[in-house]
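Please open the model in your viewer and keep the sequence at hand. The stops below each begin with something to select, followed by what is to be found there.

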Amino acid sequence: RLFNSAKIYRFPLAVTKDDIKQACRDIIAVNEMEFGYIRPLIFMGEVGLGVKFARGSKADAMVCALPWGAYLGEEGLNKGVKACVSSWRRLAPDTIPTEAKAGGNYLSSILIANEALQNGYHEAIALDIHGYISEGSGENVFFVKNGELYTAPFTCGLLPGITRDAVVHLAQEVLGIKVHEQNIPRGMVYL
């Protein structure tokens, strides 16, 4: 996903997948991490004040790691969370590439998450430009109805991530649960 995102943004790379994998292994070992979050980043460093990459320039890369537990806290896992539907919408896939894991795409999540907190909620569910459910500010949204799993398709401005893929795979292949990737109306939030 990291290299696909760099390709989408046409970042000329100076590192390989093996370089990034080794940097991830090294940072885990150096920090003696059992659990945590690893974030590899590829970015254009020295581009000046413009937005055009100089001919021959290469993207920089870094890997950071930090301890991190449950996204919405241990209490959220045990007691659940209070969520709302955000007034902010996810971007249309033809505005910026929403399928790329890119720093600028997180600006929408910042607006969504902080609106929820300011209104007394733990999290918010974002809608796409057509009013269909997209995702949370930092997580995927799944619904179970009549023993089947429902989630939004990629066309709803969500990030096609590793966690989403794992849940869909486990539901279908391991548990034998039928998965529907379809536009989900806002009203489904109230089931």
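Begin by selecting Arg-90 and Glu-135, which form a salt bridge in this predicted model, with their closest N and O atoms 3.2 Å apart. The two residues belong to distant parts of the chain and lie 45 residues apart, since Arg-90 sits in the loop between strand S3 (83–89) and helix H4 (106–118), while Glu-135 is part of strand S5 (residues 133–136). If you switch on a surface at this point, keep in mind that Arg-90 and Glu-135 are both buried.

A search of the whole structure finds two salt bridges, and the next selection is the other pair, Arg-164 with Glu-181, whose closest N and O atoms are 2.6 Å apart. Because Arg-164 lies in helix H5 (residues 162–174) and Glu-181 in strand S8 (residues 179–181), this pair ties together parts that are 17 residues apart in sequence. Which of these residues is buried, and which is partly exposed? Arg-164 has a relative accessible area of 1% and is therefore buried, the cut-off being under 20%, whereas Glu-181, with a relative accessible area of 41%, is partly exposed.

From Glu-181, step along the chain to Gln-182, which lies in the segment after S8 and is partly exposed, with a relative accessible area of 35%. Add Phe-154 to the selection and draw a line between the two C-alpha atoms: Gln-182 and Phe-154 are 28 residues apart in sequence, and their C-alpha atoms are 9.1 Å apart in space.

Now clear the selection and pick Leu-66, Trp-68, Tyr-71, Leu-72 and Val-81, which together make a nonpolar surface patch of about 430 Å². Within this group, Val-81 can be found in the loop between helix H3 (73–79) and S3, and its relative accessible area of 37% makes Val-81 partly exposed.

Keep Val-81 and Leu-72 selected, for these two residues also belong to the lining of the second largest pocket, where they are among the residues that lie nearest its centre, together with Ala-83, Glu-123 and Glu-139. The lining of this pocket is made up of 19 residues, and the space inside the pocket comes to about 400 Å³. To see which elements surround the pocket, colour H3, S3 and strand S4 (123–127), each of which gives two or more residues to the lining. Sorted by class, the lining of the second largest pocket holds 13 nonpolar, four polar and two charged residues.

With S3 still coloured, select Trp-88, which lies in that strand and counts as partly exposed at 40% relative accessibility. Then add Val-174 and compare the two positions: Trp-88 and Val-174 are 86 residues apart in sequence, and 35 Å separate their C-alpha atoms in space.

The following stop is Val-30, a residue of helix H2 (residues 17–30) that is exposed, with a relative accessible area of 67%. Select Asp-94 as well, and the viewer should show a separation of 41 Å between the C-alpha atoms of Val-30 and Asp-94, which are 64 residues apart along the chain.

Moving on from helix H2, select Glu-32 in the loop between H2 and strand S1 (37–43). Although Glu-32 is not a glycine, its phi is positive, at about 50 degrees, and with 71% relative accessibility Glu-32 counts as exposed.

Where does Asn-146 lie? Select this residue and you will find it in the loop between strand S6 (142–145) and strand S7 (148–151). Asn-146 likewise is a residue other than glycine with a positive phi, here near 55 degrees, and at 75% relative accessibility Asn-146 counts as exposed.

Finally, select the protein as a whole and show it as a cartoon, in which five helices and eight strands can be traced. Followed along the sequence, these elements give the pattern α-α-β-β-α-β-α-β-β-β-β-α-β. Taken along the principal axes, the box filled by the C-alpha atoms of the protein is roughly 55 × 40 × 35 Å, and of the 191 residues in the protein, 31% are buried.

Notes:
Residues are numbered from 1 along each chain as its sequence is written. This is a predicted model: local features need pLDDT of at least 70, side-chain atom pairs count only at pLDDT 80 or more; totals for chains, interfaces and linings use all residues. Side-chain values use heavy atoms; hydrogens and water are left out. A salt bridge is a side-chain nitrogen of Lys or Arg within 4 Å of a carboxyl oxygen of Asp or Glu. Helices (H or I, at least four residues) and strands (E, at least two) are DSSP runs, numbered from the N terminus. Buried means under 20% relative accessible area, exposed over 50%, partly exposed in between (1.4 Å probe, protein chains only). Patches are made of residues with over 30% relative accessible area and no salt bridge: like charges are joined within 9 Å, nonpolar side chains (Val, Leu, Ile, Met, Phe, Trp, Tyr) within 5 Å. Accessible areas come from the Shrake-Rupley method with a 1.4 Å probe; for residues, only the protein chains shown count as cover. On a 1 Å grid over the protein atoms alone, a cavity is a set of points where a 1.4 Å probe fits but cannot get out, and a pocket is an open set with protein on both sides within 12 Å along at least five of seven lines; lining residues have an atom within 4 Å of a point. Grid points are joined across faces, edges and corners, and a volume is the space filled by probe spheres set on the points. Ala, Val, Leu, Ile, Met, Phe, Trp, Tyr, Cys and Pro count as nonpolar, Asp, Glu, Lys and Arg as charged, and the others, Gly among them, as polar.
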